[in-house]
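Here are a few exercises on charged pairs and helix packing, each with a worked solution. Grab your viewer and follow along.

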Amino acid sequence: MTVHAPLSQTATGPGGPGGPAAPPYGTAPRDDAARRAELAAFLRSRRERITPEQVGLPRGSRRRTPGLRREEVAHLGAVGVTWYTWLEQARDIHVSPQVLDAVARALLLDRAERSHLFALAGAVDPKRGTECTGVTSELWQLLHQLAPFPAVVQNSRFDILAYNGTYGRLMCDLDALPEEDRNCMWLAFTHAEWRASVGDLEGTMRLMAAKFRASMAEHVAEPAWKALLARLMDASSEFREIWAQHEVIRPVSSVKLFRHPRVGTLQLTATSLWTGPNPGPKLLSYTPVDEMSRERLEQLAAEAAAEPSALAAV
C-alpha cells in the first residue's frame with residue numbers, strides 16, 4: 001500500500017541519514033510549532049526515565065543527566081546526534097517513519113507511547129500493531145453477546161476496529177483480509193464480494209463518501225486520513241467521481257438490504273451507539289426486520305461460530 005505522508009520525508013544532513021534538513025522557507029503554523037514543542041518535551045521525559053543499565057550502558061562516575069544522554073539515545077537508535085538534538089529542541093525538521101521507529105525502540109516505548117510519538121511527529125507508523133485500539137474488554141463481551149446480530153466497532157474514518165463472527169461473514173470473510181484493507185470505505189469501493197452484498201450500493205457509496213468528507217474536515221492534515229483518501233482516489237474511478245461532487249449527508253433509511261451468497265437476502269435495521277465522545281468510535285449493530293432475516297442471521301452466526309476466528313479485531 002502506498003502511503004502519502006508529506007510531513008514524514010527522510011531528512012539528510014550533518015547527522016547522516018535521518019539527520020537535520022534545512023528548514024523550509026516561511027513560518028510554520030502555530031499548531032505545528034506547538035506540536036513540535038510537545039514532541040520535544042515528550043522525548044526528553046522518556047529519555048530521562050531510562051537508566052543506562054536498562055540498555056546495557058555503563059553509568060560512569062560523572063553522569064549528571066537523569067537517565068540517558070542525547071548522544072546515547074542517538075547511538076542506540078543509530079541516528080544522527082545532531083538530528084536527535086534538534087528534535088528535542090523542537091527545531092523545524094522533517095523525519096522519516098523509519099527513524100521514528102528507531103527512536104521508539106531506543107527509548108523503550110510501549111504501544112501507547114509509540115502511537116503518541118508518531119502522532120506528534122505527524123507520521124504514519126510503518127509497524128502498526130494488531131491490538132484493537134480503543135476497544136475495551138467490556139466492549140468485546142458486548143460484541144460477542146450481540147450474536148447472532150452482526151455488530152462492529154468502527155471509527156470516523158471507517159476503520160474496522162473489532163467485530164463479532166456474524167458481522168465478519170455478513171459481507172465477506174473479514175478474517176481473510178489484510179489489516180490495511182479492513183476499512184468500510186475501501187471495501188465499499190474496491191472489494192467485489194463486499195459490493196455485491198450491499199442492496200443499494202450507489203446510495204451506500206454516496207452516503208459513506210459524504211460522511212467521510214464531513215469527518216475529515218477535523219482531520220484534514222493527518223497523514224492516516226490523507227493516505228486513505230489518496231489510496232481511494234488511485235483505486236476507484238467511482239470514488240473520484242463522487243468525491244468531486246462534494247455531496248453532503250442526506251437523510252437515509254436505517255433499513256439495509258444485504259445479499260449473502262449462502263443464506264440469502266437479509267433485511268436489517270442499523271443502530272449506532274457511540275462508545276466515546278462524538279465523533280469517536282461507535283458500535284454499529286444490525287437487527288432483523290422480519291423472521292426470515294432472523295433465521296438467516298442465526299444460520300450465519302452458527303457458521304461463524306464453527307470456525308476458530310469467529311471474533312476478530314484489527
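Keep in mind that you're looking at a predicted model.

**Exercise 1.** Work out where Glu-202 and Arg-206 sit and how far apart they are in sequence.

*Solution.* Start with the helix: both Glu-202 and Arg-206 belong to H10, which covers residues 201–216. They are 4 residues apart, or about one turn of the helix. Now check the side chains: Glu-202 and Arg-206 form a salt bridge, at 3.5 Å from N to O. That fits the cut-off, since a salt bridge needs a Lys or Arg side-chain nitrogen within 4 Å of a carboxyl oxygen of Asp or Glu.

**Exercise 2.** Decide for each partner of that pair: buried or exposed?

*Solution.* Take Glu-202 to begin with: its relative accessible area is 52%. The cut-off for exposed is over 50%, so Glu-202 counts as exposed. Arg-206 comes out at 15%. Buried means under 20%, so Arg-206 is buried.

**Exercise 3.** Find what Arg-36 pairs with, and say which parts of the chain the pair links.

*Solution.* The partner is Asp-92, in a salt bridge of 3.7 Å, N to O. Next, place the two ends: Arg-36 is in helix H1 (residues 30–48), while Asp-92 is in the loop between helix H3 (81–88) and helix H4 (97–106). The pair thus links distant parts of the chain, 56 residues apart. Both Arg-36 and Asp-92 are buried. Finally, look around the pair: a salt-bridge network joins Asp-32, Arg-35, Arg-36 and Asp-92.

**Exercise 4.** Explain which parts of the chain Glu-113 and Arg-46 tie together.

*Solution.* These two form a salt bridge, with their closest N and O atoms 2.7 Å apart. Glu-113 is in helix H5 (residues 111–121) and Arg-46 in helix H1, so the bridge ties together parts 67 residues apart in sequence. With a relative accessible area of 11%, Glu-113 is buried. To put the pairs in context, a search of the whole structure turns up 18 salt bridges.

**Exercise 5.** Describe how H10 packs against H11: what is the angle, and which residues meet?

*Solution.* Helix H11 spans residues 223–235, and its axis lies 12 Å from that of H10, at an angle of about 150°. Angles over 145 degrees count as roughly antiparallel, so that's the label for H10 and H11. Their crossing is left-handed. For the contact itself, Phe-212, Ser-215 and Met-216 in H10 meet Trp-225, Lys-226, Leu-228 and Leu-229 in H11. Sorting these residues gives 5 nonpolar, 1 polar and 1 charged.

Terms used:
Residues numbered from 1 in each chain as written. Predicted model: local features only at pLDDT ≥ 70, side-chain atom pairs only at ≥ 80, totals over all residues. Heavy atoms only, no water. Buried < 20%, exposed > 50% of the residue type's maximum accessible area, 1.4 Å probe, protein only. Axes fitted to C-alpha atoms, helices over the stretch in contact; angles between N-to-C directions. Parallel < 35°, antiparallel > 145°, perpendicular 65-115°, else oblique. Left-handed = near helix turned anticlockwise from the far one by under 90°. Contact = heavy atoms within 4.5 Å. Nonpolar A, V, L, I, M, F, W, Y, C, P; charged D, E, K, R; others polar.
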